[in-house]
Amino acid sequence: MASDTKTPVVLCWHMHQPSYQDMRTGQFLFPWVYLHTIKDYSDMAAHLEHEPEAKAVVNFAPILLEQIETYLVQIERWRIGAGEIGDPLLAALVADELPETGTPAYLGLVEKCLRANPDRIISRYPTFARLAEMADIYREKPELQRYISSRFLSDLLVWYHLGWMGETIRQKNQCIQSLQEKSHNFTIDDRRALLDVIFDVLSGIGPRYRHLAQKGQVELSVSPYTHAMLPLLLDLQSGREAMPDIALPVHSHYPDGKERADWQLQQAKKVFRRFFGIEPAGCWASEGGLSQTTLGLLDEHGFRWTASGDSVLHNSLNLAREANPELPDTSIHKPYTFGDSAASVFFRDDGLSDLIGFTYADWHAMDAVGDLVHHMENIAREGQGKSHQVISVIMDGENAWEYYPENGFHFLDELYRVLAHHPTLQLSTYSELVADPVAEPDRLPHLVAGSWIYGTFSTWIGDPDKNRAWDLLCEAKVHYDRVMYNGRLNSEQKESARQQLAICEGSDWFWWFGDYNPAQIVGDFERLYRRHLVNLYKQIDYPAPPSVFKQLSQGNGEPARGGTMRPGHEADGPV
């Protein structure tokens, strides 16, 4: 089959983390930004650099990019004695003196150093596994804590960061290799050398992806500034389009939601331009959350394409068939436009994407890639002769790989190698497809609002805990609006308040609320969400109501992959 008749395949990786930083103190409450950067965002770039014929779409949430930048600034200031590193875990890695053995600060750091995949990260390294086993003994028998050596925490800190290091770094970086070979009794010089590696990886993320984009290997796209769920900001009632009976918050709407959604996209493009020097053509609306109104907003901001889960398309087709029962069968493997919107909408093949997220981690890499590509070949074969066909795999760029051996190195290496040289499949990007004058998308009358998870917004609204969180946000927004327009704040204070409000609007907080999620993570996120709300009230100089200080949610579930990922469909499997 000739090159120009190959079936396009788009691999779209979404990189995002919410704001873990307390904007009033500058401290990071959780380390996931820099840990996922050294483990996942770096590896994802390296796989593309290794296979020059490969292509992908890489989407960044702007709040993630800004937090990476903040880490770099804090490390540089610490190096010259002009400030502290705001992340307690990273600061401890290079501290001249660690907390006294057995103190709450000491035990807190030990606990942090155990938050890693026990099978793929901790157990992979015998020394790390022994340290973790010792930590469990000390935790079960507090009377032994007085006998803990100061060297224990020093070694545990080093191994925690070595464990989170990306596989492509591990294979090439001499410092990392020498520390692993040393195994124990790490000195302060060893720990500072490890920080230097971390700094180099963090500082290289922006330039590496920018270079890949300049080479044409990567299309860079963007999400709303703080990964806000735009359809719900615009209209809380949109949650009922796919789930008519869903319970909604007491507040009927988010005050001035259109203005805030506009601001989220304006700020996103501003940050994106600053980091990459280009205008984004595409927007992965947070969690593939779309509505007809959201599509109109993306048009207003000049985006040419967006994407969602295939259940959103199925819901929209079902609605269209109510008015036109003769509507022909259609495919998820092509773009569409909806109503008056000009933006092309691509749809995630949930079956293929979920195989990567939930099935292939325990397979041999060659078998997994062979199976995935076989499914793609079948889709391409069934679509022969049909116009503008495209197979879309859309996933988080970070959460799946900790469940794979060696951070998914072998799977990703094989995947890019096979697809880059496949006789009938062609890696592409969404902008390349949109630019094709022949590939005019099919048009449907209306997009039924929903996300890539089940085609609904049930992950973010409808549960009593999630609804309470929305009511807290809506109440804070009412007070915010009054203060912003009464002249009490100067321009600098107003800008700080806007930033703080945006953090509270992020979708991640609502994702985690609910009994079906793990208790520890629910606790982390609900406390952080309420802290952000308290900070917003402080920014606008208005007393926070008592409801903000009450626990919102406590999980007790054990979902697959710890709840960090969810399948697009209720049941897994290729479509």
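The exercises below, each with a worked solution, concern a predicted model of one protein.

The model is predicted, so local features need pLDDT of at least 70, side-chain atom pairs count only at pLDDT 80 or more, and totals for chains, interfaces and linings use all residues. Residues are numbered from 1 along each chain as its sequence is written, and side-chain values use heavy atoms, with hydrogens and water left out.

**Exercise 1. Overall build**

Task: State how many helices and strands the protein has, and judge its radius of gyration against the globule rule.

Solution.
- Step 1. Count the secondary structure elements: the protein has 22 helices and nine strands. Helices (H or I, at least four residues) and strands (E, at least two) are DSSP runs, numbered from the N terminus.
- Step 2. Take the radius of gyration over C-alpha atoms; the globule rule is 2.2 Å times the number of residues to the power 0.38. The protein has a radius of gyration of 24 Å, close to the 25 Å from the rule for 575 residues, so it is as compact as a globular protein of that length.
- Step 3. Add the outer dimensions: along the principal axes, the C-alpha atoms fill a box of roughly 75 × 60 × 40 Å.
- Step 4. Check burial, where buried means under 20% relative accessible area, exposed over 50%, and partly exposed in between (1.4 Å probe, protein chains only). Of the 575 residues, 60% are buried.
- Step 5. Check contacts, meaning heavy atoms within 4.5 Å. Among contacts with a separation of 6 or more, 79% are between residues 24 or more positions apart.

**Exercise 2. Cysteines**

Task: Find the number of disulfides and explain why C12 does not bond to C283.

Solution.
- Step 1. Apply the rule that a disulfide is a pair of cysteine sulfur atoms within 2.5 Å. The count comes to zero.
- Step 2. Test C12: its closest cysteine sulfur is that of C283, and because the two sulfurs are 11 Å apart, they are too far for a bond.
- Step 3. Test C175: this residue is in no disulfide either, the nearest cysteine sulfur, in C113, being 17 Å away.
- Step 4. Note the setting of C12, which is buried at 1% relative accessibility.

**Exercise 3. Salt bridges**

Task: Give the number of salt bridges, then describe the pairs R531 with D22, D96 with R192 and K477 with D481.

Solution.
- Step 1. Recall the principle: side chains of opposite charge can pair when their charged atoms come close. The cut-off for a salt bridge is a side-chain nitrogen of Lys or Arg within 4 Å of a carboxyl oxygen of Asp or Glu. By this rule there are 30.
- Step 2. For R531 and D22, the closest N and O atoms are 3.0 Å apart. R531 is in helix α22 (residues 519–539) and D22 in the loop between β1 (7–15) and α1 (32–50), so the pair links distant parts of the chain, 509 residues apart. R531 is partly exposed at 35%, whereas D22 is buried at 4%.
- Step 3. For D96 and R192, the closest N and O atoms are 2.7 Å apart. D96 sits in the loop between α3 (88–93) and α4 (104–112) and R192 in helix α10 (residues 188–215), so this bridge ties together parts 96 residues apart in sequence. D96 is exposed, at 62% relative accessibility, and R192 is partly exposed, at 32%.
- Step 4. For K477 and D481, the corresponding distance between N and O atoms is 2.8 Å. Both residues lie in helix α19 (residues 464–485), four residues apart, about one turn of the helix. Both are buried.
- Step 5. Include a network: E76, R79 and D196 are linked by salt bridges.

**Exercise 4. E398**

Task: Determine how far E398 is from the nearest side chain of opposite charge, and which side chain makes a polar contact with that of E398.

Solution.
- Step 1. Locate E398 in the loop between β7 (391–396) and α17 (409–420).
- Step 2. Assign charges: Lys and Arg count as positive and Asp and Glu as negative, while His and the chain ends are not counted. E398 is buried but has no salt bridge, the nearest side chain of opposite charge, K39, being 9.2 Å away.
- Step 3. Look for polar contacts, pairs of N or O atoms within 3.5 Å; within protein, one must be able to donate a hydrogen and the other to accept it, and residues adjacent in sequence count only if both atoms are side-chain atoms. The side chain of E398 makes such a contact with the side chain of Q17 (3.4 Å) and reaches the backbone nitrogen of H16 at 3.3 Å.
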